[in-house]
Structures are given as structure tokens and as C-alpha cells.
Amino acid sequence: MALGPEHPGRVRGVGAGISPRQFFNLPRPQRVKFADQLKESVRIVLQEETKKMEARTKQLVEAEREHLLSQLSHLIPNFDPSMLKPKTSPMNPMSDKASCSGAEVRSLHLEDDTARNGEQQEQTGDEVLDYSNVEVPSSLQSLCGYVETTLKPQGKIMTFNIEKEVFGADRSTFVLHEDITQFAGMEEIGATVVAVYMRCLYDLLREANMCSMVGFIDPAQVSANAGSLTDRSRIVASRLQKTDGEQIFMMPYNPGRHWVLLIVRAKRETVYFLDPLPGNRVVDEEGKNIVNSALKIYNSHIGRPGRKAPIWKTLPGTPKQPSSIECGYYVMRFMRDIIMDPSLEFEKKFAKGKDQAPYPQAAIDEVRKEWAEFVCLHMD
């Protein structure tokens, strides 16, 4: 009686008119419009109906297949149902080969000069050097022998488990015998080959105590056709959020049939662009948007307002590939050159005015040798 009548939605003993939300610092309930509730309900119903239809369709297909097999078993003596299964090779989601074939390369030219661009395409667009006489490193020869004696006859693949420390999450990939033979023949390479070499480089970083200075971003998860732009930006942002001060992240990127290297320095909001093709080039807009969005997410994560737009620097002094198929090998070599310098002075090393001659074949073979030696460790 002393407390008076009950007042719903009030907390007693703490003053007049204090609600539970105010006293316990509860979040304000969000109001949901009736139209949004209706849309969500319809979406859930449609999802359930779609699942039911898919299940019924699958049951019908299975029933028809069983009926067909039953008829064939009566018509054909000793009929084996496995005869109808198609023989296919496993598809590697990271095995997207890249060659710089003329107009299909999506990196943009800074200069809108048709005659000059045409001349550059004549030089590097569809030209392919003959590598049939190039000496294959001994470790790569051993790997090719393993292909012929084991992988191809037994239909095997080589599986690699890449640790969380390399790309930020545990992941598995596999190398097909085609990946090895194409790598040995200096043909186009895909994200599998590049990612496996990055795993090899991680060992060099660990030996040099440079893991806190250099990180890697998985090329298979950020290149073209690897998902929506939003998803790829979040993948890059999640790696940047693990950055330690001045740490740089190397991100091989394939905008479509061509490999380039992006180096992201989140603390300075600076991105470096290295392209092995000659000419004044810049990364395509999609790749730029991926990294710019990732840096915005990173700034929000650390509570920093950040710049209006990140700084993009093209490093034109990189060695240039001699024809249309070496881009992947050159990007791998770029990464090796960068981490072999403990001072990480790559901006000066590849600055404008530096020698842009192609790498000697011995420099590319050094990368191929290291890749093959690492892969040989996983032979049965």
C-alpha cells in the first residue's frame, strides 16, 4: 500500500518513471515496418517451397534412373550400372589459368593513345616465346617423373593443407598433374600454383623472422569470378584487421587472364600496383574498389576516420614479361624479390626509371625450382 498501485514498465526504488530499458541500459527496440515483415515472411515461405520442389524433383529423377537401370539389367546380361557414370577429372576451383592475350586483359592504360597501345599489343599481346629448349630444374624433372609414374596412371592428385597463418584461415587445395606439366613447360598458371608458392615463401618469412612485416592474401578468394565484390572486400578487410603496424600484405590479383601484384599498406592507406606488362598501366576498377572498400572497413574497425580515398602508386620499374604467358611467373618473382630484402625497400627498387628489361630465365627458373622442391615434399 505504501508503494502505491503497480505501474507496468517501471522499476521500483530508483526514482519516478524509470523504465527497465533506461535502468538496465538496454538497446532501443527497432521498429520493423509491416511491409518489411511481410517481405521476410514471403521470402521464408518461398525458400521452404523451393526446397520442397527440389527434393521432389530429385526423388523423381532417382525413380526414373532406377526404372531405367532395371530395364537395362533385363536387356543386357551382366550389366554394370557404373558404366553409365561419366569419367571426369576433378575440377580445381583455384586452377584458373592466365595468359595476357591481347584485348582480354582488363588492366587499363593511363594514356588513351590508340597507336601506342596497338604497338604494345603487337609486342606483347599474343606473342608466345618458345620454351621447349629451356632447361628444366632437376627438382621439376623429378616432379614430372612422379606425374608419369604415379599421378597419371593412378588418377591421383596432390593435396595441400595451407595453415591459418598464411592466408588468415585454414584451407586446402590440390594440384593436378596438368598443373605440374604446364608449370614445367612454362605455360599459363592459375591461382593454385601461385598460392602454393606463397605457402613456400611463408617458410622463408618464418626463417627470417619477417612474418610480422609481410602477410599474404589468398589470390583464389579475391580475383575475378571468386565471388561478389562485397565478399571479396570483406576477405581483404579481415586480413588487414590482423595487421601489425607497418605490415604489408601482398595480394596477387587476376582481373581476367592476367596476373598483377597489389601490395596493401593499411596503416598508411597506400596501395602499390605492380604489372609485368609493359606500358603505362593501372589496376582495373573492380580490383581498385575491392581494396578501397576493404580499407574503409579496416578504418572503421580501428576507429580511424581515414582519407577520402586511399593513395594508389604504380611502380613502373618492374621487369617486363617478354611475351603473353609469363605474368604469373613474374608476379611470383616480384614477391620473392620483395621479401628477400629485409628493409622492404620495394618502392625504390621498382621506381620509375629503373631497368625494365625482362628477368633472365635463370631468375624465373629459381622460382620454378623452389616451387617444385616444396611440392616434392608432399609426394607419397
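1. A residue counts as buried under 20% relative accessible area, as exposed over 50%, and as partly exposed in between. Glu-163, with a relative accessible area of 29%, is therefore partly exposed. The structure discussed here is a predicted model.

2. Glu-163 sits in the loop that joins β2 to α5 (164-167). Apart from neighbours within four places in sequence, Glu-163 is in contact with Ala-169, Asp-170 and Arg-199. Of these partners, Arg-199 lies 36 residues away along the chain, yet the C-alpha atoms of Glu-163 and Arg-199 are separated by 8.5 Å.

3. On confidence, the average pLDDT of the protein chain is 81, and 81% of the residues score at least 70. The pLDDT falls below 50 over residues 86-90, a stretch that has two contacts in the model beyond near neighbours in sequence. It is also below 50 over residues 106-125, where the model shows 43 contacts beyond near neighbours in sequence.

4. As to overall architecture, the protein chain contains 13 helices and nine strands. Of its 380 residues, 41% are buried. Among contacts between residues at least 6 apart in sequence, 72% join residues at least 24 apart. The accessible surface of the chain is about 21600 Å², and carbon and sulfur atoms account for 53% of that area.

5. Helix α6 (residues 177-184) has four buried residues to note: Asp-179, Ile-180, Phe-183 and Ala-184. These residues lie on the same side of α6, because they cover an arc of only 125 degrees around the axis. Their cover includes the helices α4 (138-154), α7 (191-207), α11 (327-339) and α13 (361-376), together with the strands β2 (158-162) and β3 (171-175). Just after α6, Met-186 adopts a positive phi of about 55 degrees.

6. At the surface, Val-14, Phe-23, Phe-24 and Leu-26 make a nonpolar patch of about 380 Å². Phe-24 belongs to the loop between α1 (20-23) and α2 (34-75). Its relative accessibility is 52%, so Phe-24 counts as exposed.

7. The structure holds 15 salt bridges. One of them joins Lys-152 to Glu-148, with the closest N and O atoms 3.7 Å apart. Because Lys-152 and Glu-148 are four residues apart in helix α4, about one helical turn separates them. Both ends are partly exposed: Lys-152 has a relative accessible area of 43%, and Glu-148 has a relative accessibility of 45%.

8. A further salt bridge links the side chains of Arg-304 and Glu-269, at 3.9 Å from N to O. Arg-304 is in the loop between α10 (285-302) and β9 (311-314), and Glu-269 is in the loop between β6 (260-265) and β7 (270-274), so this pair ties together parts 35 residues apart in sequence. Arg-304 counts as partly exposed at 23% relative accessibility, whereas Glu-269 counts as buried at 6%.

9. Lys-313 and Glu-347 also form a salt bridge, in which the closest N and O atoms are 3.0 Å apart. Lys-313 lies in strand β9 and Glu-347 in helix α12 (residues 346-349), so the pair connects parts that are 34 residues apart in sequence. Lys-313 is partly exposed at 32% relative accessibility, and Glu-347 is partly exposed at 30%.

10. Finally, a network of salt bridges links Arg-333, Arg-336, Asp-337, Glu-366 and Glu-370.

Key
Residues are numbered from 1 along each chain as its sequence is written. This is a predicted model: local features need pLDDT of at least 70, side-chain atom pairs count only at pLDDT 80 or more; totals for chains, interfaces and linings use all residues. Side-chain values use heavy atoms; hydrogens and water are left out. Buried means under 20% relative accessible area, exposed over 50%, partly exposed in between (1.4 Å probe, protein chains only). Helices (H or I, at least four residues) and strands (E, at least two) are DSSP runs, numbered from the N terminus. The arc is that of the directions from the helix axis to the C-beta atoms. Contact means heavy atoms within 4.5 Å. Patches are made of residues with over 30% relative accessible area and no salt bridge: like charges are joined within 9 Å, nonpolar side chains (Val, Leu, Ile, Met, Phe, Trp, Tyr) within 5 Å. Accessible areas come from the Shrake-Rupley method with a 1.4 Å probe; for residues, only the protein chains shown count as cover. A salt bridge is a side-chain nitrogen of Lys or Arg within 4 Å of a carboxyl oxygen of Asp or Glu. pLDDT is the predictor's confidence in each residue, from 0 to 100.
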